[in-house]
Amino acid sequence: MRTAGGIKAAEGIAIGRIRICRASVCDIDDSLTEDTAAELARFEQARIRVQEQQRVLYERARQSAGEESAAIFEAHELMLDDEDLVEACTEIILKQRHRAGYAVQEAFDNAAQMFRDMEDPYFQARSADVVDLKNAMLDVLLGRDTDNEQGTEPFILVAEDLTPSETVKLDKSLLLGFVTREGSASSHTAILARSMNLPALIQCRDISEDWDGKFAILDGYNACLYIEPTQDLVESFTGRRSRDLEKEALLRQLMGASSTTMDGRSVRVFANIGGPDDVDAVLANDAEGVGLFRSEFVYLNSRTDPTEDQQFEAYKRVLKTLAPRQVIIRTCDIGADKTIGYMNLDREENPALGYRAIRICLTRRDFFRRQLRALLRASAFGRLGIMFPMIISLREVRECREILEECRRELEGDGVKISPFEVGIMIETPAAALCADELAEEVDFFSLGTNDLTQYTCAIDRQNAKLEPFSDPHHPAVLRLIRMTVEAARRHNIWVGICGELGADTSLTETFLRMGVDELSVNPGSVLPLRRIIRSLDLSRPVGQALIQEE
Amino acid sequence: MKEFTYTITDPLGLHARPAGLLGREAKKFSSTTTFIRDGRSARVGALMKLMGMGIKQGDTVTVQVEGDDEEACASAVEKFLKENL
């Protein structure tokens, strides 16, 4: 048995034979030609043919792996429209009298090199796309058969690196997993592997030609490949793999199902997200909405204070894509551990209890108004909820609402369309939980931020590992504050959700449902497991043993 | 000649797909559209060169449109940028 390591790109287990995918090599004819017009026509035909191929690949990828993986083929089609690239090829043919294949190789290699020399990893990765297009052009020009013999036995694919076209041309029904010598976690191979739920190991430096046809186990969880494994290993991984498959099938059944208990109580299972890129995960995990959209990304990803328009575009994109699902966007929660250069915040002795979140927003009104105006403008594109963080008093909520109302009047005065939206607050301080009755009068919903609520209630800094022995995530004081908040919400007929880590703690799900929580917002990956638990509960039965009591 | 500035809001910056679609949009007009930033410039039809400028989120570009239908072309390009980038 031999083992090889690398970097994990996608989790899972694959057991089967290795097939090595070799890059096609060919000699390019560098002789000169008299008939430049004919070579130019061949180039043009090949270009149109490859664009057609890219459209077919786009459709195929869209159906098998979704819009995100397919988008690259549309970009490929557009790249072949590049005026400079076409001009460079034309010149090599007409002026240097070279043949079409040579012109393509020269011009495309130059473009690929330009991308390789760029600093940004996204643009660097585009060199693989140019090389991919070059190969496709040469395949057409040289009349090479591009559909490789694939056989009928499933296999673990081993390659130097895979171009997007290669990955799409592969017969997916035979693929067990990917191992590549090159590639990054954001490469096409990695994205494809994740979207197909197959394990992938990248930057595996030990790849050797003699692996071809050998039996192997790919452990995507630990980024390890076992070549000719022992029988014990095969048995243990076979067991692990079938447990994975069972779990996966079970979760897939829950896609599209409602989050309703056996006795008919429905709860909304939402997802927490950190930016527009997480929208795909919300859809892939069938979350019913977004319970916490941390708007900090617009501030943290920008070198300067983001403009109203920049923010509007980001919020609009998320609301539009997820409509008609509700999206609760939390207003800026910087300060404490999240500081930003251009905000010029002072260093503080005790940042968790310091100048942060709504406290910054209410003193820097222009900054706050920019975000509120962007949110109001975005409201027309979906179902928006606006949520204010770190609230401790009624006065703060009223001030927030007044500023929001001013912004609304201004925008409406300018003829901007604003759709109905909800306004809520985070309950993450003991002060807010204890004043929940008064606060409920002013808002449409509460969302319990249990991480901060726990830290502030127990006076335990959650970043301090030394305090671990003293912390109790189910501390009765925290559960009592949650209950008080839920009861206050009930009395005032507003809805209440949980968006902190406790929301995904399945040992508390029954407790929360019995309290009367309406919504649980968790990481996208926890949505389906949580839905499964909810569907197994029966609240009409007497309180079970497992139920955690706060008394 | 028409000129305006635009700040990229897309987290990936001026990336392949929208940049290519922008080229198609601009092609509907006879005017030439050029992006300028930090002393570098590229016509929008030259996708690789345009991407080669490495324009990131938060970067502000100057857009110049020149030709017979520059008025209409500039407003179409600006609209496309606002909706997609």
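Modeller: Contact means heavy atoms within 4.5 Å, and with that cut-off, residues 24 or more positions apart account for 68% of the contacts in chain A with a separation of 6 or more. This is a predicted model, in which local features need pLDDT of at least 70 and side-chain atom pairs count only at pLDDT 80 or more, while totals for chains, interfaces and linings use all residues. Residues are numbered from 1 along each chain as its sequence is written, chains are lettered from A and ligands numbered from 1 in the order in which they are written, and side-chain values use heavy atoms, with hydrogens and water left out.

Biologist: What share of the contacts in chain B with a separation of 6 or more comes from residues 24 or more positions apart?

Modeller: In chain B, such pairs account for 71% of the contacts with a separation of 6 or more.

Biologist: Why does the radius of gyration of chain B agree with that of a compact globule?

Modeller: The rule, applied to C-alpha atoms, is 2.2 Å times the number of residues to the power 0.38; for 85 residues this gives a radius near 12 Å, and because chain B has 11 Å, the two agree. The C-alpha atoms of chain B fill a box of roughly 35 × 25 × 20 Å along the principal axes, and those of chain A a box of roughly 85 × 65 × 45 Å.

Biologist: What makes up the secondary structure of each chain?

Modeller: With helices (H or I, at least four residues) and strands (E, at least two) taken as DSSP runs numbered from the N terminus, chain B has 3 helices and 4 strands, in the order β-α-β-β-α-β-α, and chain A has 20 helices and 16 strands.

Biologist: How do you know what span to expect of helices α5 and α18 of chain A?

Modeller: The expected span is 1.5 Å times one less than the number of residues. For the 21 residues of α5(A), residues 121-141, that is 30 Å, and its end C-alpha atoms are 31 Å apart, so the values agree; for the 16 residues of α18(A), residues 476-491, both the expected span and the end-to-end distance are 22 Å. Just after α5(A), Gly143(A) has a positive phi of about 60 degrees, while α18(A) is followed by Asn493(A), with a positive phi near 55 degrees.

Biologist: Which residues of α18(A) are called buried?

Modeller: Buried means under 20% relative accessible area (exposed is over 50%, partly exposed in between; 1.4 Å probe, protein chains only), and the residues of α18(A) that meet this include Val478(A), Leu479(A), Leu481(A) and Ile482(A). Buried residues make up 51% of the 551 residues in chain A and 53% of the 85 residues in chain B.
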